[in-house]
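Please explain how this structure is put together, moving from its overall confidence through its core and helix packing to a handful of individual residues.

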Amino acid sequence: MIIQEQEAIDKAVEAITGDMGALWITLAAILVFFMQAGFTLLEIGFTRSKNTGNIIMKNVMDLAAGSVLFWAVGYAIMYGSDLVGGGFFRSSPSDQGYFFFSADDWHNLFFQTVFCATAATIVSGAIAGRTKFSTYLIFSAVLTTLIYPISGSWYWPFDDDAWLNTAGFVDFAGSSVVHAVGGAAALVAAILVGPRIGKYVDGKAQAIPGHNMAFGALGVFILWLGWFGFNGGSQLAWGGDDTIGATSVIINTNLAAAIGAIAALFFTWARYGRADISMTLNGALAGLVGITAGCGSVNAWGALAIGLLCGIVVVISIEFIDKKLKIDDPVGAISVHGVCGFLGTVLIGLFALDGGLFYGGSGKLLWVQTYGSLAYIVWAAVASFIVLFILKKTIGLRVSEKEEVEGLDIHEHGVESYPEHISQDK
Amino acid sequence: MKKVEAIIRKSKFDEVKKALHQIEVNFFSYWDVTGVGNEKQGHVYRGISYSTSDIQRRYLVIVVSDDFLEKTVNVLLDTASTGNVGDGKIFVSDVMEAYRIRTKESGSAGIN
């Protein structure tokens with residue numbers, strides 16, 4: 001009789017803990033969803049006013065299309081079974097099937113959907129101001145249906161089929177799985193689309209200042225806020241040790257973002273003689289991207305070290321890509337998400353409390369982190385190249401010179417985002 | 001009647017407006033303009049230094065009767081000045097006629 005009662009209590013506690021976990025994942029996913037607003041505002045603020053509406057449309061549509069496509073196909077591929085190509089691809093859908101249906105797993109679909117949308121939207125900023133809207137939509141759809149889910153399946157199902165999982169790879173919330181994938185796709189897209197008209201004159205990089213620093217700043221604040229869901233939610237549970245885990249992840253996330261902003265501020269202040277606004281904003285994001293992989297395996301000092309390094313590296317990387325490689329990335333997406341995503345993943349090999357080189361590790365983790373992150377970058381770059389190359393040869397990547405100079409808003413969407421006044425000639 | 005057009009620094013606008021009110025020039029129009037001049041402003045954006053001579057100024061149009069002209073110009077010369085390049089310019093021209101739309105008055109009665 002007593003044993004039966006104890007069993008009933010245990011069962012009830014388990015059910016409550018499970019429900020709390022689902023609640024936390026759902027709330028976290030809602031925060032991550034709102035990051036789309038942050039990406040939109042950041043991209044709008046750092047570019048010219050004549051392309052505002054186009055940026056709104058790109059960011060709304062990659063979320064909208066991604067939500068449907070990831071429900072229909074993406075999740076099934078990412079969490080499927082029956083490996084082909086040595087673990088490269090899962091040929092059978094997950095238990096919930098294509099067109100996801102589940103009795104009790106909806107919160108996981110929602111959480112994974114908003115992560116997928118995040119990877120997609122990273123590309124938008126790097127190719128802002130000159131890319132055809134239709135081309136972007138097709139590329140974004142392929143990214144959310146195939147490119148992201150395929151490489152996601154290498155690690156995140158956390159099962160024996162995920163080859164990076166069995167290798168001991170660590171990427172808590174997706175510095176590589178989400179951000180480096182988006183950053184690598186952004187790099188390839190920015191190269192293939194080419195720079196904005198006027199960005200390089202006689203081989204020299206020109207400043208094309210963004211039109212609204214307030215939007216840029218609000219965008220970064222929204223992203224910073226959303227990241228507590230992005231990383232904290234990736235604990236995937238709540239209650240007891242998981243509560244401590246999730247909240248320590250949130251503190252690590254905040255510390256890395258803070259020190260990233262501080263590092264970028266002083267680095268640019270010393271370098272340009274001015275406290276640079278847009279670079280400081282990028283520094284906070286660099287710290288966030290960098291800590292995303294390691295927020296569950298480092299302590300606060302490790303988080304500060306990773307954030308600091310990312311805050312400085314992002315500035316050097318933005319300048320190098322802009323001035324030396326002559327790749328036009330208006331918002332710094334390649335540096336923030338690609339470079340700092342890679343760096344943050346690799347730095348786990350140094351700072352992880354379990355297996356990091358600075359904490360008595362053998363260097364094996366550092367090696368796994370390095371090739372694991374590179375696998376994501378190479379995959380995203382190659383897959384993006386194939387898709388974009390086909391698009392370039394068929395419908396084209398760029399708008400016409402006239403459309404670009406006069407603005408995508410008026411030509412792609414038929415209105416200006418900031419009309420002086422409204423009048424109609426009948 | 002004369003039309004006084006003045007291009008001044010935005011930072012001097014409040015001072016100028018106050019001084020104009022003090023000499024009882026209470027009616028004028030203004031708008032923000034971008035001009036090209038001798039002054040160059042240095043900028044740094046995302047690590048790229050550049051300078052531009054496209055600078056922001058405020059453009060005032062003041063229509064005054066002839067006996068107000070001298071003090072209006074003097075107020076502008078005194079209060080809009082900092083002594084540095086880029087303080088702006090003043091243009092004076094004749095106005096043929098002025099009307100107040102509500103009362104249909106014309107001439108000086110139309111502007112005061």
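The paragraphs below take up confidence, the nonpolar cores, two helix pairs, the contact between the chains, and then single residues.

The coordinates come from a predicted model, which scores ipTM 0.73 and pTM 0.90. For chain B the mean pLDDT is 91, and 99% of the residues of that chain reach 70 or more.

The largest nonpolar core has 129 residues, and those with the most contacts inside it are A:V181, A:A185, A:A186, A:A189, A:I306 and A:V314. Helix α6 of chain A, which spans residues 175–193, gives the most to this core, contributing 13 residues. There is also a second, separate core, made of 13 residues, and among its members are B:A6, B:L60, B:F68 and B:A80. The surroundings of A:V314 can be listed in detail: when neighbours within four places in sequence are left aside, A:V314 is in contact with A:A264, A:N282, A:G283, A:A286, A:G332, A:S335, A:V336, A:V339 and A:C340.

Several of these names return when the packing of helices is considered. Two packed helices are described by the angle between their axes and the distance between the axes. In chain A, helix α8 (residues 241–272) and helix α9 (residues 277–294) pack at an angle of about 145°, with 7 Å between their axes, and the crossing in which α8(A) passes α9(A) is right-handed. On the side of α8(A), the residues making this contact are A:N252, A:T253, A:A256, A:A257, A:I259, A:G260, A:A261, A:A263, A:A264, A:L265 and A:T268; on the side of α9(A), they include A:M279, A:N282, A:G283, A:A286 and A:I291. Sorted by class, the residues of the contact between α8(A) and α9(A) comprise twelve nonpolar, nine polar and no charged.

A second pair in chain A is formed by α10(A) and helix α11 (residues 333–351), whose axes come within 9 Å and cross at roughly 145°, again with a right-handed crossing. From α10(A) the contact draws on residues including A:I306, A:L309, A:C310, A:V313 and A:V314, and from α11(A) on residues including A:S335, A:V336, A:V339, A:C340 and A:F351. The residues of this contact of α10(A) with α11(A) divide into 15 nonpolar, four polar and no charged.

The contact between the chains involves eleven residues of chain A and seven residues of chain B. On the side of chain A that touches chain B, α9 and α10 (300–324) each supply at least two residues, and by class that side has six nonpolar, two polar and three charged residues.

Among single residues, A:V249 is found in helix α8 of chain A, and A:V249 counts as buried because 27 other C-beta atoms lie within 10 Å. Not counting residues up to four places away in sequence, A:V249 touches A:N231, A:G232, A:Q235, A:C295 and A:G296, while the C-alpha atoms of A:V249 and A:G294, 45 residues apart along the chain, are separated by 8.8 Å.

A:T135, in helix α4 (residues 133–152) of chain A, is likewise buried, with 22 other C-beta atoms within 10 Å. Outside its neighbours within four places in sequence, A:T135 is in contact with A:L391, A:I395, A:G396 and A:L397; the C-alpha atoms of A:T135 and A:I386, which are 251 residues apart along the chain, are separated by 14 Å.

A:E412, placed in helix α14 (residues 408–413) of chain A, counts as partly exposed because it has 19 C-beta neighbours inside 10 Å, where 20 or more would be needed for a residue to be buried. Leaving aside neighbours within four places in sequence, A:E412 is in contact with A:N54 and A:F133, whereas A:E412 and A:V84, 328 residues apart in sequence, are 41 Å apart from C-alpha to C-alpha.

The backbone offers a last topic. Most residues other than glycine have a negative phi. A:F99, however, has a positive phi near 55°; A:F99 sits in the loop between β2 (89–92) and α3 (106–126) of chain A and counts as exposed, with 11 C-beta neighbours inside 10 Å. B:R46 also has a positive phi, of about 50°, although B:R46 is not a glycine; B:R46 lies in the loop between β2 (29–45) and β3 (48–64) of chain B, yet B:R46 is buried, with 25 other C-beta atoms within 10 Å.

Technical notes. Residues numbered from 1 in each chain as written. Chains lettered and ligands numbered in written order. Predicted model: local features only at pLDDT ≥ 70, side-chain atom pairs only at ≥ 80, totals over all residues. Core = buried A, V, L, I, M, F, W, Y, C linked by C-beta atoms within 7 Å. Buried ≥ 20, exposed ≤ 12 C-beta atoms within 10 Å, placed from the backbone. Helix = DSSP H or I, 4+ residues; strand = E, 2+ residues; numbered from the N terminus. Contact = placed C-beta atoms within 7 Å. Axes fitted to C-alpha atoms, helices over the stretch in contact; angles between N-to-C directions. Left-handed = near helix turned anticlockwise from the far one by under 90°. Nonpolar A, V, L, I, M, F, W, Y, C, P; charged D, E, K, R; others polar. pLDDT = per-residue confidence, 0-100.
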